[in-house]
Amino acid sequence: MQPKSYLVIGGGLVGAASALRLQASGFAVTLIDPGDPRRGASFGNIGHIAAEQVSPLASRESLRAFPKRLFGLGGPLDFRWRDAPLWLPWAARFIAASGPARHARGQAALTAILAQALPAWRRLAEFSGSPDVVGREGHAVVWMSDRTAEAGRRSWDGAATGSAAFRPMSADELETYAAVMARAPVAGIRFSGTAQVSEPQAARDALMAAFRTRGGEVVHARVERLSCGARVVAHLEGGPCHEAEGALVAAGAWAGRLMRGLGVDAPVIGERGYSVQSAEHGWDEALPPTVFEDHSMVVSRFTSGLRASSFVEFGSPDAPGDPRKWRALQRRLSDLGIRFSPDPDRWVGPRPTLPDYLPAIGRLEHEPRILYAFGHQHLGLTMAAITAELTASLAENRDPAIDLKPFRIERFNRRQ
């Protein structure tokens, strides 16, 4: 029997977009979220609709590059040692998922879903009454030395980019950076087929407002567990409960605990990113979101200021931030000569990542009243809109627009 009401657990961009689509499809939806927008990955990310990132990070190439990317050697990759019981089992599965055959299957799956990411975002922005949420198109990748430029261009020339394309940047395009930096990059590539949201939190706010306008209910609370009897029950911290005929688990890096309570192995980990933001800056609004590959850093201008982001830190999603990483971001900005506040807004948040770097999108095989959408790693914002459309299709018992078999969470309960 098809549920007529749903609990949506998690109010990040994936949860908010999915709740809106479900409510608009005629379901009675209650969204349950802790209510602190800074807690999750949706708040402080770089706002990039990354249609080009079709190659899963679970790969032989990632394993080969691992040592030189460690934070202790100046790279972006770090592990919280006190959280080793979390990431060691995850790392073993990551290694197993990095073989050529699984990587190729993952790339095919990501290519299919990311081809729909930007069109779905445009549809969602119009549907929510906020067409300006999807802002400028394209982004740039630049290098500050001839050596890194040669290696970077060679890597991109051999990379799959899905529906996105790129071209070399002209000398005039590169020279525009000289006005906002100590010097211009020596080389770069400019992408088309990608885009940026006006601001991640503004996008989420627009979706939540549209959800409420359509009659959706929002409850600010933490869900301790889900149980399935005559109805699906969300047991909240402090004792109260909410129930419905079905539920969607979209709890990001916290989804694993809820899924385990439903008898499902969901090895999601908090892969934490860091950002700093300055309301005052000199970054030209005509410049695209820019990846400084030499510095493993992305810089992007939003309506509220200039944001720089970096780092891949594995550990508990609830751990305190590491001040060294914010200081490193500020040093990199200073080295590049980018004007930035000495006391910026600092943020850390956990990207929900599964070992094969594919999301989990589907319906539980043993309990079809439970839908799930989490584990989008670096692509949560990117895939939020298409994930919402796919989730609504599942709830309505319609065939989804793409094959969801590669994204079933049960893949971690079977031999690969």
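The charged end of Arg21 sits over the ring of Phe127, 4.5 Å from the ring centre. A second charge over a ring appears at Lys325, which lies over the face of Phe71 at 4.4 Å from the ring centre. As you look at these contacts, keep in mind that this is a predicted model.

Rings also meet other rings here. A search of the whole structure finds 17 aromatic pairs. One of them joins Trp90 and Phe314, whose ring centres are 5.0 Å apart and whose planes make an angle of 40°, a tilted arrangement. This pair links distant parts of the chain: Trp90 belongs to helix H4 (residues 84-97) and Phe314 to strand E16 (residues 305-315), with 224 residues separating them. Are these two residues buried or exposed? Both Trp90 and Phe314 are buried. They also belong to one aromatic cluster, whose other members are Phe66, Phe79, Trp81, Trp87, Phe94 and Tyr357.

Let us turn to the sheets. Six strands form an open sheet, and reading across it gives the order E8-E2-E1-E12-E19-E18, with mixed pairing. At its edges stand strand E8 (217-220) and strand E18 (360-363), each of which pairs on one side only. From one strand to the next, the twist averages 15°. Inside this sheet, strand E1 (residues 5-9) and strand E12 (residues 246-249) pair in the parallel sense, joined by four bridges. If you would like a place to look, Val8 stands opposite Leu248 in E12.

Helices pack against this sheet. H1 (residues 13-24) lies across E1, strand E2 (28-33), E12 and strand E19 (370-374), and the helix runs at about 165° to E2. Helix H9 packs on the sheet too, touching E2 and E8, and its direction makes about 125° with that of E8.

H9 is worth a closer look. How far apart are the end C-alpha atoms of helix H9 (residues 200-213)? They are 20 Å apart, which agrees with the 20 Å that its 14 residues should span at 1.5 Å a residue. The buried residues of H9 include Pro200, Gln201, Ala203, Arg204 and Ala206. Leu207, Met208, Ala210 and Phe211 in H9 are buried as well. Just after the helix, Gly215 takes a positive phi of about 100°.

Further along the chain comes another open sheet, this one of three strands in the order E9-E10-E11, with antiparallel pairing. Strand E9 (223-228) and E11 are its edges; each has a single partner strand, so one side of each is left without a neighbour in the sheet. The twist in this sheet averages 20° from one strand to the next. Four bridges join E10 (residues 232-236) to E11 (residues 241-244). Two positions let you follow the pairing: Val232 has Ala244 in E11 as its bridge partner, and Ala234 stands opposite His242. E10 and E11 form a hairpin with four residues between them, and Gly238 in that turn has a positive phi of about 95°.

Gly238 also helps give a sense of distance. Its C-alpha atom and that of Thr148 are separated by 54 Å, while the two residues are 90 places apart along the chain. Thr148 is found in helix H7 (residues 146-157). Because its relative accessibility is 16%, Thr148 counts as buried. Leaving aside residues up to four places away in sequence, Thr148 touches Trp143 and Asp294.

Finally, some backbone angles. Most residues other than glycine have a negative phi. Against that background, two residues deserve a visit. Ser296 is not a glycine, yet its phi is positive, near 50°. You will find Ser296 in the loop between strand E14 (290-292) and strand E15 (297-302). Because its relative accessibility is 26%, Ser296 counts as partly exposed.

The other residue to visit is Asn397, with a positive phi of about 60° although it is not a glycine. Asn397 lies in the segment after helix H12 (380-395). Is Asn397 buried or exposed? At 54% relative accessibility, Asn397 counts as exposed.

Note on methods: Residues numbered from 1 in each chain as written. Predicted model: local features only at pLDDT ≥ 70, side-chain atom pairs only at ≥ 80, totals over all residues. Heavy atoms only, no water. Phe/Tyr/Trp six-rings, centres within 6.5 Å; stacked < 30°, edge-to-face > 60°. Buried < 20%, exposed > 50% of the residue type's maximum accessible area, 1.4 Å probe, protein only. Lys NZ or Arg CZ within 6 Å of the ring centre and 35° of its normal. Expected span 1.5 Å × (residues − 1). Pairing = 2+ DSSP bridges. Axes fitted to C-alpha atoms, helices over the stretch in contact; angles between N-to-C directions. Contact = heavy atoms within 4.5 Å.
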